[in-house]
Structure formats: structure tokens, C-alpha cells
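Here is a model to walk through together, with a few questions along the way. Have the sequence and the 3D view ready, and let's start with the strands.

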Amino acid sequence: MPELKDLMKIVALIENTTRTCRPVEHGLSLYIETDRHCLLFDTGQSPLLAENAAFFGVDLKKVDLCFLSHGHYDHGGGLAAFAAINDTAPIYMSRHAFEPHYHGPERYIGLNRDLLLDSALRDRFRYTCGTEKLDDQLTLLSPGRDKTLDMGSAGLLTEDNGRLVPEDFRHEQYLMIEENGKRVLFSGCSHQGILNIMNWFRPDVLVGGFHFMKHPLDDELLRYGKMLSAFDTTYYTCHCTGVEQFAFLQPLIPRMHYLSEGEEIRI
């Protein structure tokens, strides 16, 4: 059994809820330490990322790789704050991340395209497509497989030839880390459908949001919970899962835990 210091360390720097005195925002940012990497997965929506990292004792200068799960403001809005502290780490995102994204026809929720005007920052962007194995520990995975369950677009839109159309979330990607004999998958919002993602990748541990926060507490959600419980997976969920939805599902899924801002887990 690995000692605590040898286990993967995950600290929630940004999340919708907290058990500390720190402020929160709707968003997600996770700091991850493996035996050979210091990683940042998503950046929240503001400079709160940098403030919380300092408060929780996380040195963002140590980060050697940064990943954006998808191109929404609440996951990439803290990029500038991170880049002001760390001027070396490559930033991996889907090649579709900077495409325009909307919640309804008027509310823009995409990344700040002014980031592309900063040549030094732009040179650090690494655009991904499909599966990219970075080393024998880290793999970036993209959607594109057949879906067993269509979760819809939840009112989210993108542009196609000047028209707003329902999102297909092609800008979403997932980070798989293999360490200590476990496959740990990180998913920001699981817009492609958490059950599809589970069927595609079947990780030992999944960390991220399920995007159930607006789903009614009904028989359909119970059905989803039963399907998730059938996987031999431990879940650390957060952000867009929804606090009420988590409480509703947790009795069905004993291996599901909530990860709040400021909490540290070891895997």
C-alpha cells in the first residue's frame, strides 16, 4: 500500500461550495500532484484562482502543465491570472475551445478572446484533437464515440455559419492519469453525458462535475444514479453536479463523495 506522500494529491482551488472562510464562485479549478507532475486542471472564472491557491498553500509557479476541460468562462476565466504567476507551463485545450459559446441567444459564456492577443500567452497554447498521450502517465481524451444516452444541450448554443445552434460540446476533453495502479479520469462538466463518459473510459476514479444541477429530483435522475452505481468506480464530484442532486443520488452511490473548495484528497 503506497504511503500518503506517494498518493496522488488533489486540491480543489475553485468550486461552488466551501467549508472554509474563502469566497467561492461558480466554477472549477483543481491542483493535482503526481509523482512526477504538478498540474492545473481548469482555472475557475476569475483571479480568485490565484488568491485561493496562495491561501491553500499551493504554489502555481510549480505547475508544469495546465489543462482546460472545455471552452467555458467558468473553467478558463482564470487563465490570465494563472499566466501572470506561471509564465512557462504549456496550456492544453481543444482546438475548438475558443469557438463562441452561449447560454441562450444573448449570454456569451465562452473564453475571453482577448487572450489570443497576448502573443507570449498564445504561444503556450497547445491545441488538441482526439487522443493525445503526453507520457506514460498522462493522456488527453476527446469525445467522438457513439453515445448510449443523449443528454441534450441544456440550452447551450454555439455558432455555425453565423447561426446559433445547439452545442455538440466538441470542445470538451478529459484528462486520464495512471498512477499507483489506478486510472483516474478528470472531467470538468461532463457535457457529453456522464454516463457516456463512463461507458467510454471506465475509470477506477472519476473527479469532476456531472452536470445534473438543473435536473429535477425525479425518477429519471434516480435511473441515472442506478446506472452510475453499476460501475466499479469511486466518484469525487463537484461544481455542476448540484448540491441537492448530489444529496439525492448519494444513497444510491456509496462510493460518491463531494469535493468542495479547499478540500484535499489523496488517491
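Q: In what sense do β1 and β18 pair, and which residue is the bridge partner of K9 in β18?
A: In this predicted model, β1 and β18 are joined over three bridges and pair in the antiparallel sense. Looking across to β18, the bridge partner of K9 is R266.

Q: Which strands are the edge strands of the open sheet?
A: Seven strands make up this open sheet, with mixed pairing, in the order β8-β5-β4-β3-β2-β1-β18. From one strand to the next, the twist averages 25°. An edge strand pairs on one side only, and here that description fits β8 (125-128) and β18 (264-266).

Q: At about what angle to β1 does α1 run?
A: Helix α1 covers residues 48-55. This helix lies across β1, β2 and β3 (38-41), and its direction relative to β1 is about 135°.

Q: Which residue forms a salt bridge with E51, and is that partner buried or exposed?
A: E51 sits in helix α1, and its partner lies 29 residues away in the loop between β1 (9-14) and β2 (29-33). The closest N and O atoms of this salt bridge are 3.9 Å apart, and the partner is R22. E51 has 45% relative accessibility and so counts as partly exposed. For R22 the relative accessible area is 18%, which falls under the 20% cut-off, so R22 is buried.

Q: How far apart are the closest N and O atoms of E33 and K62?
A: This pair also links distant parts of the chain, with E33 in strand β2 and K62 in the loop between α1 and β4 (65-67). Both residues are partly exposed, E33 at 21% and K62 at 44% relative accessibility. The salt bridge between E33 and K62 has its closest N and O atoms at 3.6 Å.

Q: Which residues do shared salt-bridge partners join into one network with D35?
A: The side chains of D35 and R36 meet in a salt bridge of 3.6 Å, N to O. D35 is exposed at 56% relative accessibility, whereas R36 is partly exposed at 44%. Salt bridges that share partners connect D35 into one network with R36 and D136.

Q: Is T34 buried or exposed, and which side chain is joined to T34 by a polar contact of 2.8 Å?
A: T34 is found in the loop between β2 and β3. Its relative accessible area is 12%, so T34 is buried. Beyond its neighbours within four places in sequence, T34 touches M8, L39, Q137, I177 and E179. The polar contact of 2.8 Å joins the side chain of T34 to that of Q137.

Q: Which residue in β11 stands opposite H101?
A: Strand β6 (residues 101-103) runs antiparallel to β11 (residues 156-160), with three bridges between them. Across from H101 in β11 stands T158.

Q: Which residue takes a positive phi in the hairpin of β11 and β12?
A: Four bridges join β11 to β12 (residues 163-166), and the two strands run antiparallel. Among the paired residues, E159 has L164 in β12 as its bridge partner. The hairpin has two residues between its strands, and the positive phi, near 55°, belongs to N161.

Q: How many salt bridges does the structure hold?
A: The pairs described above include E51 with R22, E33 with K62, and D35 with R36. Counting over the structure, the total is seven.

Definitions and conventions:
Residues numbered from 1 in each chain as written. Predicted model: local features only at pLDDT ≥ 70, side-chain atom pairs only at ≥ 80, totals over all residues. Heavy atoms only, no water. Salt bridge = Lys/Arg side-chain N within 4 Å of Asp/Glu carboxyl O. Buried < 20%, exposed > 50% of the residue type's maximum accessible area, 1.4 Å probe, protein only. Pairing = 2+ DSSP bridges. Axes fitted to C-alpha atoms, helices over the stretch in contact; angles between N-to-C directions. Contact = heavy atoms within 4.5 Å. Polar contact = N/O pair within 3.5 Å; in protein donor to acceptor, adjacent residues only side chain to side chain.
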